[in-house]
Amino acid sequence: MVSSASQRNFRFGRSPSILFAGLGIGAGILVLCLFASIGLGAADITPREVWDALFAFDESSTNHLIIRTVRLPRSIIALLVGAAMAIAGAIMQGLTSNPLASPGILGVSTGAAFAVVLSTFIFGVSSLSVYAWFALAGGAITAGLVYLFASLGPGGVTPLNLTLAGTVFSTLIGTLTSGILILNQQTLEQVRFWLAGSLAGGDIDLVRQVIPYLIVGFFLALALGRHVTTLSLGETVAKGLGQNTAWIKVLGAMSVVLLVGGSVSIAGPIGFVGLIVPHFVRFLVGVDYRWILPYAAILGAVILLIADIGARLILRPIELPVGLVMPLLGAPFFIYLIRTRIRR
Amino acid sequence: MSTWLVIRSAQVPVSFRLNRRVPSLLMILGILILAMMIASIGYGEYPIPPLDVVKTLLGLETSNADYAFIVNTLRFPRVLVALLVGMALAIAGTITQGILRNPLAAPGIIGINAGAALAAVTLIIVFPNVPISLLPLAAFAGGFTIFTLIYLSAWNGGSSPIRLVLIGIGFSLMTAAITNILTTFGNINSVSQALVWLAGSVYGRSWDEVNALLPWLFVFVPIVLIMARDLNVLNLGDEIARGVGTALEWRRGILLVSSVALAGASVATAGTIGFVGFIAPHIARRLVGPSHEGLLLTSALTGGLLVITADLIGRSLFAPIELPCGLITSAIGAPYFLYLMIQQRKY
């Protein structure tokens, strides 16, 4: 196993002016994708009408209503979830020096789904905002347990242990989830939609409730940037440089929980964004997490927006949930990563 | 007294060298399986006393004329399918674990089951009218294709067991996604049929399924048993295997194809019943040690017992609601897997 960070040391010295320019270009692409995501879909709506719907809203127009109530929330959710997942993945990979660490592999989504199903089953919860809390807790607990199990395996938290523990733990929790769903038809009715991992029909009120957590998680992550860079050189080096590694890890984990829990609660389980994006970004900007994190946010949002547009257009007029499409994009990359990074 | 029992014939160039404990263990397992089968056939909304079950199975008269229908048409084929599927999965798992020298490499974990499931679901949803006997064939083709892809992708100047497992997981995720898409947008009738089947259940299995599954076992189990000794050698590593004169790639190829065939046929019959192929060989290894002649048989019977028991538990735990036995085996298998992973640290 080669540590993902140390391999690309030679890229460390890319000049800040280029990186700033890149960030600007990225933001431009993001805005384009956002407009494309709002403009494209089952109903044909001209760009002019999209513009009007956003800035000169007319209540009597059906198309304007579609834009405002369906497409705009969906696009904003894609943007937030993509960015949050990507940052969370980057932080996880940086903290653990493990190229496979990511929300999906650690079973965050399945844990969140299980918690939601359990809450519906036991307490009869049916409000999305309460789901959010259970999803947050379930995701965090699962990720913690998977990491714990992986660290108990032979050789500590290796990519193999992490993936195996994550997969098997996810299977176990998935089993319990489907067991509950089989036993209790009513629970199934209530959560079926949420479980598919779709951005469609997202509730803008829920987004409003979750945004504070995402913002706190986001800024916490950005503030940790340089410390994560140090820690990604290895725990020993970081300690040698005088870093209090335990604190950095705790704060990093907090920001991950806020970001992932928040996004899982709005969009259900959506995998692979957190795994793929940090690798692309490291390829683009090098190993400095002060740059990796903002780039990851932009690229994550762009990728999820594009995937969502694709999911809407491939089988038009059927709209696939983006949670089902991401593995098709992500798994090949996962395989590529293993081929190139796992040497033994 | 030696701990080994050698069975050798002058006419046929085949010999078995069994641990002395194997025959008695097989007998105990056989009795347990019979007892479980009788219990499972007798249990249900319409209970039948064990003695009547045995009588009906043997074709004798019983006090109640309905028993014959319930036992022979409804419950016996189901239990039989559970037994056969468990055996097939367990043998498949023993082979992959032995060849890949990796105790974690069960067909379910390295993606064979997912590939087989995808092929079968495609067949059910896209071509709803094909006969049931074609399902195992499709599942075999699917499992084999995926396994080839995994093996090739994992080959990077030599195959590594770790890469193989991880890449298998990657392919499982991908095939599972395609299966999900199919079940989300297929015709609702075929989808509900496919979903029942995907959950890993022997619910409603009839003689058709038994008949579709049996030929696969009849062909591949003897092949595997004859090659058990090769499995022992392959288990020692490629260099030693070449050193003692095994035609390495050939033998490995045949064994792997048999493993995929058995796993595929059982997936085609009962869906993905998780962790049987992983857990049964481990239990068997504890019972009879690592030599494959005895291990294969013991593991097969353990697997059969496991699935029959899981099915009975799934039916009785929350009766009248039925949990698919795949859920039960996963609930047992997954914690065991984690336990085993932690245990390995000691070596």
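# Worked exercises on a two-chain predicted model

To kick off: 18 of the 25 residues of H6(A) are buried, so that helix is largely enclosed by the rest of the structure. "Buried" here means 20 or more other C-beta atoms within 10 Å of the residue's own, against 12 or fewer for exposed and partly exposed in between, with C-beta atoms placed from the backbone. Helices (H or I, at least four residues) and strands (E, at least two) are DSSP runs, numbered from the N terminus.

Some ground rules: this is a predicted model, where local features need pLDDT of at least 70 and side-chain atom pairs count only at pLDDT 80 or more, while totals for chains, interfaces and linings use all residues. Residues are numbered from 1 along each chain as its sequence is written, and chains are lettered from A and ligands numbered from 1 in the order in which they are written.

**Exercise 1. Check the span of H6 and H10 in chain A, and of H13 in chain B.**

Step 1: the expected span is 1.5 Å times one less than the number of residues.

Step 2: helix H6 of chain A (residues 159–183) has 25 residues and should span 36 Å; its end C-alpha atoms are 36 Å apart, which agrees.

Step 3: for H10 of chain A (residues 245–267), 23 residues should give 33 Å, and the end C-alpha atoms sit 32 Å apart, which agrees. Just after H10(A), Gly268(A) takes a positive phi of about 75°.

Step 4: H13 of chain B (residues 292–316) has 25 residues and reaches 35 Å from first to last C-alpha, close to the 36 Å expected. Of those 25 residues, 23 are buried, so H13(B) is largely enclosed by the rest of the structure.

**Exercise 2. Describe the overall build of each chain.**

Step 1: count the elements. Chain A has 13 helices and 0 strands; chain B has 14 helices and 2 strands.

Step 2: look at burial. Buried residues make up 52% of the 344 residues in chain A, and 51% of the 347 residues of chain B count as buried.

Step 3: look at contacts, meaning pairs whose C-beta atoms, placed from the backbone, lie within 7 Å. Among contacts with a separation of 6 or more, residues 24 or more positions apart account for 77% in chain A and 74% in chain B.

Step 4: test the size of chain B. The radius of gyration is taken over C-alpha atoms, and the globule rule is 2.2 Å times the number of residues to the power 0.38. With 347 residues, a compact globule would come out near 20 Å; chain B has 20 Å, which agrees. Its C-alpha trace spans about 65 × 60 × 40 Å along the principal axes.

**Exercise 3. Work out who touches whom between the chains.**

Step 1: the contact takes 34 residues from chain B and 31 residues from chain A.

Step 2: on chain B, helices H6 (161–185) and H14 (325–343) each supply at least two residues of the side that touches chain A. The largest share of that side, 15 residues, comes from H6(B).

Step 3: sort by class. The side of chain B that touches chain A has 23 nonpolar, 9 polar and 2 charged residues. Nonpolar covers Ala, Val, Leu, Ile, Met, Phe, Trp, Tyr, Cys and Pro, charged covers Asp, Glu, Lys and Arg, and the others, Gly among them, are polar.

**Exercise 4. Place Ile303(A), Ala296(A) and Phe275(B).**

Step 1: Ile303(A) is in helix H12 of chain A. It is buried, with 24 other C-beta atoms within 10 Å. Leaving aside neighbours within four places in sequence, Ile303(A) contacts Gly82(A), Val273(A) and Val277(A).

Step 2: Ala296(A) is, with Ile87(A) and Ala120(B), among the residues with the most contacts inside the largest nonpolar core, which has 211 residues. A core is a set of buried Ala, Val, Leu, Ile, Met, Phe, Trp, Tyr and Cys residues joined through C-beta atoms within 7 Å.

Step 3: Phe275(B) lies in the loop between H11 (248–270) and H12 (276–288) of chain B. Phe275(B) has a positive phi of about 70° although it is not a glycine, and it counts as buried with 31 C-beta neighbours inside 10 Å.

**Exercise 5. Decide where chain A deserves confidence.**

Step 1: pLDDT is the predictor's confidence in each residue, from 0 to 100. Chain A averages 80, and 88% of its residues score at least 70.

Step 2: in chain A, confidence is lowest in H7 (residues 185–195), at a mean of 64, and highest in H12 (residues 289–313), at 90.

Definitions and conventions. Contact = placed C-beta atoms within 7 Å.
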